[in-house]
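Here are a few exercises to work through with the model open in your viewer. Try each task before you read its solution.

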Amino acid sequence: MTSIRAVWVLNRSGTVIFSRRFPTVERRVKNCEWYVPLPSDAEISRLFEQEIISNRDNERPESYPVTCLDKGRLWPFALVKRHEVYFLAIPGLDSEQCKVPQYFSTELFIAMPCITATFSLLEDLTDFVTPAIAKAEATLLSEFQSHLSGALPFGTPVETDFTNLRRFQKTGFPQSDQLTVRRPAWKPVFFKGRQKIEIFIREEIRAVQYDSPSFKDVCELFGAVNTRCDMEGHPTISFPLINVTSIENLTVH
């Protein structure tokens, strides 16, 4: 099954106007010998402008629909252009595809099933987009973020058809006791009802005091923060973590 490391939307000049990265997939592909960390959005914009936009201006169409960036270090990317914007995505390769090829070519990439699936995903995502997205309108980008949450939970495409996703977001899953398939844990639907945000904080301190200069006292601080957000119109809620440099181990689920 194909998984996606990241998705970008860039305007006609190559500037990133939207991006979504999937840490779950990124952790999995770190075991591959070819692994290269994904650069920042600013660096993606610079590479895209230099290596893709310039090729287009020079009438070199071989960059489409699959390509590399950073002179072949970052690969393989699927690329689709609609409404004067570019849709760019990089899949996570499985263990059998981890070996770095001796040469790069469009034919080599297209032969990879993950590239075919990624290209199909981008084609489906373009159905959501109108020309207004090129202006990076906040409302439209927020809706696109919700659209991706339903289409790619944890980076794995499960339902990318625009019509089906719209129906799920508005009405939810069928309220039938006889379901033919297991209902997913992710919620690609808009919550309706009393809005609430619940935050549960559990903090524990484990300490051992020896009261002796020969032994150093030991103190450990650990805990968990659990949240639940039910907000109308927002199937996914995110919040930033600040001042976490002193935390040695941080796990987010």
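**Exercise 1: a pair of strands**

Strand S4 (residues 74–82) and strand S5 (residues 85–92) are paired in this predicted model. Work out the sense of the pairing and how many bridges hold it.

Solution. Start with the direction: S4 and S5 pair in the antiparallel sense. Then count the bridges, and you get five. For one of the partners, take Arg82 and look across to S5, where its bridge partner is Val85.

**Exercise 2: the whole sheet**

Put the strands of the open sheet in order, then say which ones stand at the edges.

Solution. Begin with the order: five strands line up as S2-S1-S5-S4-S3, with antiparallel pairing. Next, look for strands with a single partner: these are S2 (16–21) and S3 (66–69), so each has one side left without a neighbour in the sheet. From one strand to the next, the twist averages 30°. Finally, see what lies across the sheet strands: helix H4 (residues 113–126) crosses S1 (3–10), S3, S4 and S5, and runs at about 30° to S4.

**Exercise 3: Thr2**

Is Thr2 buried or exposed? Find out which residues it is in contact with, leaving aside neighbours within four places in sequence.

Solution. First place the residue: Thr2 sits in the segment before S1. Its relative accessibility is 16%, and the cut-off for buried is under 20%, so Thr2 counts as buried. Now list the contacts of Thr2: Pro91, Pro113, Cys114, Ala117, Thr118, Gly155, Thr156 and Pro157.

**Exercise 4: the nonpolar cores**

Find which members of the largest nonpolar core touch the most other members, and which elements supply at least two residues each.

Solution. As background, nonpolar side chains in soluble globular proteins tend to be buried together. Here the largest core has 33 residues, and the members touching the most others are Val9, Phe87, Leu122, Leu125, Phe144 and Leu152. Going by element, S1, S2, helix H1 (23–29), S3, S4, S5, H4 and helix H5 (138–151) each give at least two residues to this core. Zoom in on Leu125: beyond its neighbours within four places in sequence, Leu125 is in contact with Val7, Phe144, His147 and Leu148. Don't stop there, though: apart from the largest core lies another of 18 residues, including Trp8, Phe48, Leu74 and Ile90.

**Exercise 5: stepping back**

Sum up the chain: how many helices and strands does it have, and what share of its residues count as buried?

Solution. Tally the secondary structure and you get six helices and seven strands. Then take burial: of the 253 residues, 37% count as buried.

Note on methods. Residues are numbered from 1 along each chain as its sequence is written. This is a predicted model: local features need pLDDT of at least 70, side-chain atom pairs count only at pLDDT 80 or more; totals for chains, interfaces and linings use all residues. Side-chain values use heavy atoms; hydrogens and water are left out. Two strands pair if DSSP finds at least two bridges between them. Helices (H or I, at least four residues) and strands (E, at least two) are DSSP runs, numbered from the N terminus. Axes are lines fitted to C-alpha atoms, for helices over the stretch in contact, and angles run from 0 to 180 degrees between N-to-C directions. Contact means heavy atoms within 4.5 Å. Buried means under 20% relative accessible area, exposed over 50%, partly exposed in between (1.4 Å probe, protein chains only). A nonpolar core is a set of buried Ala, Val, Leu, Ile, Met, Phe, Trp, Tyr and Cys residues joined through side-chain atoms within 4.5 Å.
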